[in-house]
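This report looks at how side chains are arranged in one protein chain, taking cysteines, nonpolar cores and aromatic rings in turn. Please keep the sequence and the structure in view while reading.

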Amino acid sequence: MNILLIMADQFSAHALERSRSTDAHFNTPHLDRLVANSTYFSQAYTPFPLCVPARSSMVTGKYPHQLGIMSNSGAGAAPAVEPGHGPESLGHWFTEAGYDCAYAGKWHALQASATEADGFAPIHPFGDDGLVEACHEWLANRSVRDGERPFLLVASFDDPHTICEYARSQPLPYGNVPEVPIGAAPPLPANFPPAPYAPSALASEADASPKVYGTRDYTADDWRAYRAAYGTLVARVDERIGRLLDAVDLAETAVVFVSDHGDGDASHGWNQKTALYQECIRVPLLVHVPGQSPAKVDTPVDGVLALMPTLCQVAGIATPASLPCRSVLEAQPETVVVATLFDSGSKPQTTGRALIKGQHKYTVYSWGKHREQLHDLHDDPGEQRNLAVEDSSAALLEEMRGELYRWAVTHSDTSFLKKLVLPVSAPAQAHSGIFTVPY
């Protein structure tokens with residue numbers, strides 16, 4: 001089956017939702033058309049809310065800590081590897097299975113643009129201008145050149161990631177967005193104010209990198225203007241995606257849409273990514289398979305990490321052995337885990353893990369006051385009430401500590417074991433074993 005994989009960098013899941021009045025300004029008619037013909041995963045997550053670690057997971061099906069890629073520089077606990085170069089990486093795997101594989105746009109796992117060493121024919125470098133046209137040309141030429149082989153075409157857009165340049169008052173590479181009158185800008189989200197018992201580590205990281213985030217001196221009006229700009233960038237990439245979709249027949253082509261991570265979009269007074277807030281870690285995931293009826297899945301799934309096995313299932317080919325998760329089209333495990341690491345240079349370095357199980361989410365950062373966070377995402381989707389400080393949730397807190405501890409042991413997440421709050425259920429020798437080497 002022909003497959004078109006579409007990615008848009010830093011595209012938050014809530015940009016496809018109209019359930020909250022504060023998100024009514026998003027306008028995505030072309031993606032809405034795809035939603036109407038797809039399985040829509042409303043609780044899809046990235047394994048890491050940052051470009052290079054997430055994209056490296058996307059093309060290998062492995063967690064960032066397994067790859068040793070825990071930052072945009074590629075640095076991690078183990079020596080970094082070129083994630084697209086192995087025989088079981090996405091492009092090589094599908095080429096070996098008989099697919100004609102091409103890549104257009106942002107790669108960023110590790111270098112900016114894809115190369116032939118990544119298993120794809122690179123048909124357009126990093127950059128949105130000309131990307132759709134390059135895909136159209138490749139598809140047109142391919143029908144003459146090789147109509148027998150199925151294709152896997154990846155179209156990877158940079159927008160709306162350019163909201164980062166907007167926040168820093170820098171020129172936007174594909175054209176600046178028009179300013180709107182503040183009265184016409186969207187309202188602030190309900191969870192804009194800092195929550196009681198918020199993790200102090202995040203405030204410290206924002207203070208450590210003011211030039212990266214660019215929002216230290218933002219007023220409420222500045223944040224509203226930011227939201228308006230983000231909505232414009234979302235609409236801009238949606239228009240490009242619409243032109244791309246016009247070139248394929250949905251009756252004959254499977255289409256998957258996903259992002260590597262989201263954007264804070266003023267929630268918690270946060271912009272960009274890296275934090276373990278829902279706005280940063282939840283991603284849109286649409287899977288259109290010809291002949292399958294539209295559906296909606298509300299259970300948590302590893303949306304980015306599971307891309308490799310999901311595409312293999314859609315294609316009807318074997319899946320690489322020993323991947324940590326299965327296709328999102330199959331029954332899923334109960335838990336999803338997201339990792340993060342701030343590479344600001346400040347010490348101690350801030351790392352963190354979030355575990356989502358059903359409607360509950362447990363987050364623990366490596367240091368700082370209120371480093372444990374526990375939320376009921378059904379009753380508190382904005383993560384404003386930290387149940388970890390309430391005695392009535394002590395049993396649930398202990399359960400989630402145990403879930404994360406078992407996950408870390410099972411998946412050899414040894415670098416973070418020393419940062420966990422160990423559950424009472426951990427073996428008696430667990431602490432001494434973890435700290436055999438103290439630091």
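## Cysteines without partners

In this predicted model, C51 has a relative accessibility of 1%, and because buried means under 20%, C51 counts as buried. The closest cysteine sulfur to that of C51 belongs to C164 and lies 7.6 Å away, which is too far for a bond, because a disulfide requires two cysteine sulfur atoms within 2.5 Å.

A similar check can be made for C325, which is also buried, with a relative accessible area of 11%. The sulfur of C325 has its closest cysteine sulfur in C312, at 11 Å, and this is again too far for a bond. How many disulfides does the rule give for the structure? The count comes to zero.

## Two nonpolar cores

The largest nonpolar core has 60 residues, and those that touch the most other members are I3, F94, L152 and L285. Helix α12, which covers residues 394-410, supplies the largest share of this core, namely seven residues.

F94 can serve as an example of how such a residue is surrounded: leaving aside residues up to four places away in sequence, F94 touches I3, Y99, C101, L152, L311, C312, A315 and I317. A second core, separate from the one just described, contains 42 residues, and L131, W138, Y166 and F257 are among them.

## Aromatic pairs across the chain

A pair of aromatic rings is described by two values, the distance of the centres and the angle of the planes. The structure holds 16 aromatic pairs. In one of these, the ring centres of F11 and F257 are 5.3 Å apart and the planes stand at 85°, so the pair is edge-to-face, a label that applies to angles over 60 degrees. This pair links distant parts of the chain, since F11 sits in the loop between β1 (2-8) and α1 (29-35), whereas F257 belongs to strand β6 (residues 253-258), 246 residues apart. F11 is buried, with a relative accessible area of 0%, and F257 is likewise buried, with a value of 0%.

Another pair is formed by Y166 and Y226, whose ring centres are 6.4 Å apart and whose planes are at 65°, so this pair is edge-to-face. Here too distant parts of the chain are linked, with Y166 in helix α6 (residues 163-167) and Y226 in helix α9 (residues 220-245), 60 residues apart. Both Y166 and Y226 are buried, and together with F192, Y218 and W223 they form one aromatic cluster.

Note on methods: Residues are numbered from 1 along each chain as its sequence is written. This is a predicted model: local features need pLDDT of at least 70, side-chain atom pairs count only at pLDDT 80 or more; totals for chains, interfaces and linings use all residues. Side-chain values use heavy atoms; hydrogens and water are left out. A nonpolar core is a set of buried Ala, Val, Leu, Ile, Met, Phe, Trp, Tyr and Cys residues joined through side-chain atoms within 4.5 Å. Buried means under 20% relative accessible area, exposed over 50%, partly exposed in between (1.4 Å probe, protein chains only). Helices (H or I, at least four residues) and strands (E, at least two) are DSSP runs, numbered from the N terminus. Contact means heavy atoms within 4.5 Å. Rings of Phe, Tyr and Trp (its six-membered ring) pair if their centres lie within 6.5 Å; planes under 30 degrees apart count as stacked, over 60 as edge-to-face and the rest as tilted.
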